[in-house]
Amino acid sequence: MALGYVRPARPEDAGEIARIQLATWRVAYRRILPRHVLDNLDEAFLARRWSAAVQEPPSGAHRVLVAVEQAEQSYLVGFVASGPADSEALAPGEPADALGPDVAAVTDLLVEPRWGRRGHGSRLLAAAVDLWREDGLTRAVAWAFEGDEATRTFLTSTGWEPDGAARALDVDDMLVPQVRLHVGVPAEKVPADDDQPGD
């Protein structure tokens with residue numbers, strides 16, 4: 001069993017979060033997104049965006065959490081970013097109030113592939129759920145690429161289900177389909193199962 005934990009991201013984590021995002025996207029999305037798009041992503045630009053997300057979130061309910069693997073050294077291995085659902089969480093044509101004020105939206109949930117299946121994804125999600133509950137959020141949504149079988153399988157294994165919404169992102173003139181999943185936030189804390197694999 002992996003030894004690890006989740007904590008709030010710190011400003012000094014921004015570079016590692018950006019590195020994890022790039023490394024994960026280049027493996028997980030290599031058959032989903034155009035290669036030149038992945039190759040040309042700017043790590044320094046991403047790091048600046050993550051620094052702003054950590055230091056200047058739009059609200060107290062917008063959070064970035066990181067997963068840490070403990071061994072002889074500690075390694076940052078994944079992260080989750082979420083907050084109250086906004087227009088980015090909507091499907092095309094949905095009214096602005098379709099999701100309601102009590103819905104959380106996951107914008108990123110990534111574990112670097114070499115650290116996958118060690119419980120980090122499950123711990124990140126469990127920690128996010130605890131915070132949603134504290135914030136009075138009763139449901140959560142997340143968009144996943146239709147071709148991202150690993151993310152969709154992980155989410156559905158933890159109780160998420162497609163809600164019927166779909167969209168296509170225009171990535172350099174290539175339309176990439178996504179589906180939206182949702183889950184209810186349990187009213188009481190459910191003990192985390194550290195043995196459950198997380199990606």
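Strand S3 (74–84) is mostly covered in this predicted model, with eight of its 11 residues buried. S3 has a pairing partner in S2 and another in S4. The pairing with S2 is antiparallel and consists of eight bridges. S2, which spans 63–70, forms a hairpin with S3, and three residues lie between the two strands. Within this pairing, Leu65 has Val80 of S3 as its bridge partner.

The pairing of S3 with S4 (103–111) is also described by its bridges: there are seven, and the sense is antiparallel. Here Val80 stands opposite Leu109 of S4. Val80 therefore appears in both pairings, facing Leu65 as bridge partner and Leu109 in S4, where a pair of strands is one with at least two DSSP bridges between them.

Leu109 leads from the strands to the nonpolar interior. Setting aside neighbours within four places in sequence, Leu109 is in contact with Phe79, Val80, Leu124, Leu125, Phe154 and Leu155. The largest nonpolar core contains 27 residues, and Leu109, Trp132, Leu155 and Trp160 are those with the most contacts inside it. Two or more residues of this core come from each of S2, S3, S4, H4, S5, H5 and strand S7 (174–184). H4 provides the largest share, seven residues. Separate from this core is a second one of 25 residues, which includes Ile32, Leu46, Val64 and Val68.

Helix H4 (120–134) also takes part in enclosing an internal space. Searching the whole structure gives one cavity of 30 Å³ or more. The volume of the largest cavity is about 40 Å³. Its lining is made up of Ala61, Arg63, Leu65, Ser82, Ala128, Leu131, Trp132 and Asp135. The elements giving two or more residues to that lining are S2 and H4, and the largest share, three residues, is from H4. By class, the lining of the largest cavity holds five nonpolar residues, one polar and two charged. Two residues met earlier return here: Leu65, the bridge partner of Val80, lines the cavity, and so does Trp132, which is among the residues with the most contacts inside the largest core.

The largest pocket is a separate topic. Its volume is about 1400 Å³. Of the 45 residues that line the pocket, Gln21, Trp25, Arg49, Thr107 and Asp108 are the closest to its centre. Elements that give two or more residues to the pocket lining are helices H1 (14–28), H3 (43–55) and H5 (149–157), together with strands S2, S3, S4, S5 (139–145) and S6 (161–171). The lining residues divide into 28 nonpolar, seven polar and 10 charged.

The last stop is the loop between S6 and S7, where Asp172 is found and where Asp173 also has its place. Asp172 is not a glycine, yet its phi is positive, about 55°. Asp173, likewise a residue other than glycine, has a positive phi near 70°. Which of the classes buried, partly exposed and exposed applies to Asp172? With a relative accessible area of 49%, Asp172 is partly exposed, because that class lies between 20% and 50%. Asp173 counts as exposed at 74% relative accessibility, since the exposed class is over 50%.

Definitions and conventions: Residues are numbered from 1 along each chain as its sequence is written. This is a predicted model: local features need pLDDT of at least 70, side-chain atom pairs count only at pLDDT 80 or more; totals for chains, interfaces and linings use all residues. Side-chain values use heavy atoms; hydrogens and water are left out. On a 1 Å grid over the protein atoms alone, a cavity is a set of points where a 1.4 Å probe fits but cannot get out, and a pocket is an open set with protein on both sides within 12 Å along at least five of seven lines; lining residues have an atom within 4 Å of a point. Grid points are joined across faces, edges and corners, and a volume is the space filled by probe spheres set on the points. Helices (H or I, at least four residues) and strands (E, at least two) are DSSP runs, numbered from the N terminus. Ala, Val, Leu, Ile, Met, Phe, Trp, Tyr, Cys and Pro count as nonpolar, Asp, Glu, Lys and Arg as charged, and the others, Gly among them, as polar. A nonpolar core is a set of buried Ala, Val, Leu, Ile, Met, Phe, Trp, Tyr and Cys residues joined through side-chain atoms within 4.5 Å. Buried means under 20% relative accessible area, exposed over 50%, partly exposed in between (1.4 Å probe, protein chains only). Contact means heavy atoms within 4.5 Å.
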